[in-house]
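Biologist: Please take one helix of this model and go through its packing against its neighbours. I would like a single connected account.

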Amino acid sequence: MANADVSYCKIPIKLLVKYNKKFPFDVYIRLSVDKIIKISKENDEITDMLLKYESKGVQEVYVNKMEFAIFLKNLKESFTNKFFGPGKPKTVDEALELVEQGHSVVREGFAKLGVHESVVDMAKEVTRQSMELMKKVPNILEFYTTYKEKCAPAFMRGMLVGYTSSAMIEHFSWQSSVVKQKAVMAAQLCDLSLSLDEYQELLMWERGEVETKKLDPNIFNHPLIVADMLAVESGGANLIAPEVINIIKQHHERPDGTGFPKGFSHAKITLLAAINIVAASFIELMIENHFNLEKKDRILSMIQLKYNKGNFKKACEALMAMFT
Ligand SMILES: [Fe+2]
């Protein structure tokens, strides 16, 4: 018996089925909150057994935390090959499934190992592949309507905000794929520390159903918790770009100072953070309105009215430019 949350890292069973016949580590399943058992030994052939567990409804298996970093390193190489090698996904559905599973191991990696090089490399790879997906399905509406049932809500929002930020950035003279990559990565990592329940409460805040001061401290402080978690230096350099960290720190601020955790007014919000905030507000309203395009103009007017100062004004202009 062991505490599964502390000593082990979870891996989606589907991901393991795809990547390995002989798996170089012991594999475990979780029976209850504090009970975990070994189901295979190092280098066992595990595919058939995993498929059997999957058919019984098991969605995740576990590996020892110490071995997870090595797993991530192998996965990153395999992940890259999966996209560019002969076995690359034949459909967007398959590619999206891989990206979502990649995202879930990145999340687990940051939570359990912190900013370890293997996690950062995998996060960058997942970001790159997300951007490739965006090129394959350039229409946000089509992406949302096709995949909303297949993706977890937090992952879907991260993708949609990444999409929108990236398209907004194209309207600035300083745009580049490197900047877009930073915006997409921030959109995918900004809520890293939140549980599912906390994420639901956050969405209620977005919709104006919960006051800022009533937010749970974990939610109120998550922009700083995640930013601090990611702001690690190695050899004098940041492993995650400072612009990504700053977007995350500011991603729930609002131009009138009603956001959190700092309650900054518009003058302190950087342009990249303003782009993320405007993109996220737009996406939230579009989701609330089931991406009904007839409501788009009203939504854009609401956004323009709310985000009309400093860098927010520039971000709004870029959002409007997407539709002209
Ligand atoms: Fe957030």
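Modeller: The model is a predicted one. The helix to look at is H13, and a good place to begin is its crossing with H14, which is right-handed. The axes of H13 and H14, the latter covering residues 271-288, come within 9 Å and cross at roughly 50°. That angle makes H13 oblique to H14. On the H13 side, the residues that meet H14 are Glu243, Asn246, Ile247 and Gln250. Their partners in H14 are Leu272, Ala273 and Asn276. Sorted by class, this contact has three nonpolar, three polar and one charged residues.

The other neighbour is H9. Helix H9 spans residues 177-189, while H13 spans residues 242-250. The axes of H9 and H13 are 9 Å apart, and the two helices pack at an angle of about 45°. H9 is therefore oblique to H13. The crossing of H9 and H13 is right-handed. H9 contributes Lys182, Ala183, Met185, Ala186 and Leu189 to the contact, and H13 contributes Glu243, Val244, Ile247 and Ile248. By class, the contact of H9 with H13 has seven nonpolar, no polar and two charged residues.

The spacing of the contact residues can be read with a general rule in mind. An α-helix has 3.6 residues a turn, so residues three or four places apart point the same way. Glu243 and Ile247 of H13 appear in the contact with H9, and Glu243 and Ile247 also appear in the contact with H14. Val244 and Ile248 are among the H13 residues that meet H9, while Asn246 and Gln250 are among those that meet H14.

Technical notes
Residues numbered from 1 in each chain as written. Predicted model: local features only at pLDDT ≥ 70, side-chain atom pairs only at ≥ 80, totals over all residues. Axes fitted to C-alpha atoms, helices over the stretch in contact; angles between N-to-C directions. Helix = DSSP H or I, 4+ residues; strand = E, 2+ residues; numbered from the N terminus. Parallel < 35°, antiparallel > 145°, perpendicular 65-115°, else oblique. Left-handed = near helix turned anticlockwise from the far one by under 90°. Contact = placed C-beta atoms within 7 Å. Nonpolar A, V, L, I, M, F, W, Y, C, P; charged D, E, K, R; others polar.
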